[in-house]
Amino acid sequence: MFEAVNAIERRYTPYKLMLSADRSTSKEAAAATAAYDVLFTIYPDQKSVLDTALAASLSSIPETEGKLNGIELGKKAAEGVIAFRASDGSDARENYRPYAKPGAYVPTIVPLFSTIGATTPWVMTSGAQFRPGPPPALDSETWTRDLNEIREIGARNSTVRTAEQTTIGRFWFLVGPRTYNPIVRQAAMAKNMDVVDCARLFALTSIAGNDALVAVFDAKYQYNLWRPITAIRNADITQNPATPREESWLPLGDTPMHPEYPCAHCITSAAISAVLRNIVGEEFGEFSLTSPTAPGVTRKWTRLQDYSDEVANARIYAGFHYRFSTEVGKDMGRKIGELTVSTQLRGSEALADPKR
């Protein structure tokens, strides 16, 4: 959508496509058509729903040559983006190998997202560009502190977790773009952005959010660190007397099916926050979010840092992530968000000097 509408005014540097169009071209028609063509490529089974949405978007645009040109421009933009992502590795076949001794049973659910770390990033040089150092040793002060913290506050039957912390933990069982796209929308509305600036903001946050996932799953499967439920139930084999074993320990929620380190929720929220902070500022008014995993609850913030910090704390309350993992995830996300803003879709001054 950004490549399409930006081609009409060339207000910002394009991502990859060198498109151009007359200023009379309808931005709305271009954006709607580009969105439709990409979505249909990914979700062909949703054709009827997408057809209805496209018709509704185009129906309010006057029947002019500008509308027709906008539709054609949107098709070109979608075709170009689909083409340069055609071999990005996102369709790689899953081949995770369970760790087991010959003949020994292991849980038979295959972990999720084992191939994402090897897909082509949008802005990073590779999934390993921001790969952190290894997690702390199992006899270290950091490990001991953070394992004991989550053992107490993240347990399903915790007596130290408050009612609000339990609500926050459950609220953030919600994952994916639904955890940040509504906030991006609220930021765009707060700043009264036009269609070009809206498309740019969503493109930047989408790029940063995608690369955050590539980076975090690269690291997760590199280090393969056990989750709290595994660590606590096996604490006796670490030879660390300061981390007692609890043979029946359970987290507040069902642990996500992939390695622990670093925190994925934390890296995405920090990456999105870094983009928004650079584009609209740390404070752009009150913003909020609801979650299907905490019906009737609305979380509200006035600072992006508070939003990002709540996401990180929620994963501890839920019993999913150690505190060191949340801090590492936030640091990675901040770097990815800042890289995205500093190198992609820059202002028109960068058109004259690509090195800027």
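Me: What makes Ile 109, Leu 112, Phe 113 and Met 257 a nonpolar patch on the surface?

Reply: Keep in mind that this is a predicted model. A residue needs over 30% relative accessible area to join a patch, and nonpolar side chains are joined within 5 Å. Met 257 has a relative accessible area of 33% and Phe 113 has 41%, so both clear that cut-off of over 30%. Together, Ile 109, Leu 112, Phe 113 and Met 257 offer about 370 Å² of accessible area.

Me: Why is Met 257 called partly exposed?

Reply: Buried means under 20% and exposed means over 50%, with partly exposed in between. Met 257 comes out at 33%, so partly exposed is the right label. You'll find Met 257 in the loop between helix H9 (228-233) and helix H10 (264-279).

Me: And what is said about the phi of Phe 113?

Reply: Phi of Phe 113 is positive, about 65 degrees, although Phe 113 is not a glycine. Phe 113 lies in the loop between H4 and H5. Asn 224 also has a positive phi, near 50 degrees, and is a residue other than glycine. Asn 224 is in the loop between helix H8 (195-223) and H9, and at 32% relative accessible area Asn 224 is partly exposed.

Me: How do you know that Cys 263 and Cys 266 form a disulfide?

Reply: Two cysteine sulfur atoms count as a disulfide if they are within 2.5 Å. For Cys 263 and Cys 266 the S to S distance is 2.2 Å, so the pair passes. The count by this rule is one disulfide.

Me: Why is the disulfide of Cys 263 and Cys 266 called right-handed?

Reply: The torsion about its S-S bond is about 75 degrees, and so the disulfide is right-handed.

Me: Are these cysteines buried or exposed, and what about Cys 198?

Reply: Cys 263 has 0% relative accessibility and Cys 266 has 0% as well. Buried means under 20%, so both cysteines are buried. Cys 198, at 24%, counts as partly exposed.

Me: Which peptide bond is cis?

Reply: A cis peptide bond joins Tyr 261 and Pro 262, with omega about -5 degrees. Pro 262 sits in the loop between H9 and H10.

Me: How many aromatic pairs are there, and what makes Tyr 15 and Trp 122 a tilted one?

Reply: A search of the whole structure turns up 20 aromatic pairs. In the pair of Tyr 15 and Trp 122, the centres are 5.4 Å apart and the planes make 45 degrees. Rings pair if their centres lie within 6.5 Å, and an angle that is neither under 30 nor over 60 degrees counts as tilted. So Tyr 15 and Trp 122 are a pair, and a tilted one.

Me: Where in the chain do Tyr 15 and Trp 122 lie?

Reply: Tyr 15 is in the loop between helix H1 (2-9) and helix H2 (27-42), and Trp 122 is in the loop between helix H4 (65-84) and helix H5 (141-153). They are 107 residues apart, so the pair links distant parts of the chain.

Me: Why are Phe 284 and Phe 287 called stacked?

Reply: Planes under 30 degrees apart count as stacked. Phe 284 and Phe 287 have 20 degrees between their planes, with centres 5.0 Å apart, so stacked it is. Both are buried, and ring pairs link them with Phe 171, Trp 172, Trp 301 and Tyr 307 into a cluster.

Key: Residues are numbered from 1 along each chain as its sequence is written. This is a predicted model: local features need pLDDT of at least 70, side-chain atom pairs count only at pLDDT 80 or more; totals for chains, interfaces and linings use all residues. Side-chain values use heavy atoms; hydrogens and water are left out. Rings of Phe, Tyr and Trp (its six-membered ring) pair if their centres lie within 6.5 Å; planes under 30 degrees apart count as stacked, over 60 as edge-to-face and the rest as tilted. Helices (H or I, at least four residues) and strands (E, at least two) are DSSP runs, numbered from the N terminus. Buried means under 20% relative accessible area, exposed over 50%, partly exposed in between (1.4 Å probe, protein chains only). Patches are made of residues with over 30% relative accessible area and no salt bridge: like charges are joined within 9 Å, nonpolar side chains (Val, Leu, Ile, Met, Phe, Trp, Tyr) within 5 Å. Accessible areas come from the Shrake-Rupley method with a 1.4 Å probe; for residues, only the protein chains shown count as cover. A salt bridge is a side-chain nitrogen of Lys or Arg within 4 Å of a carboxyl oxygen of Asp or Glu.
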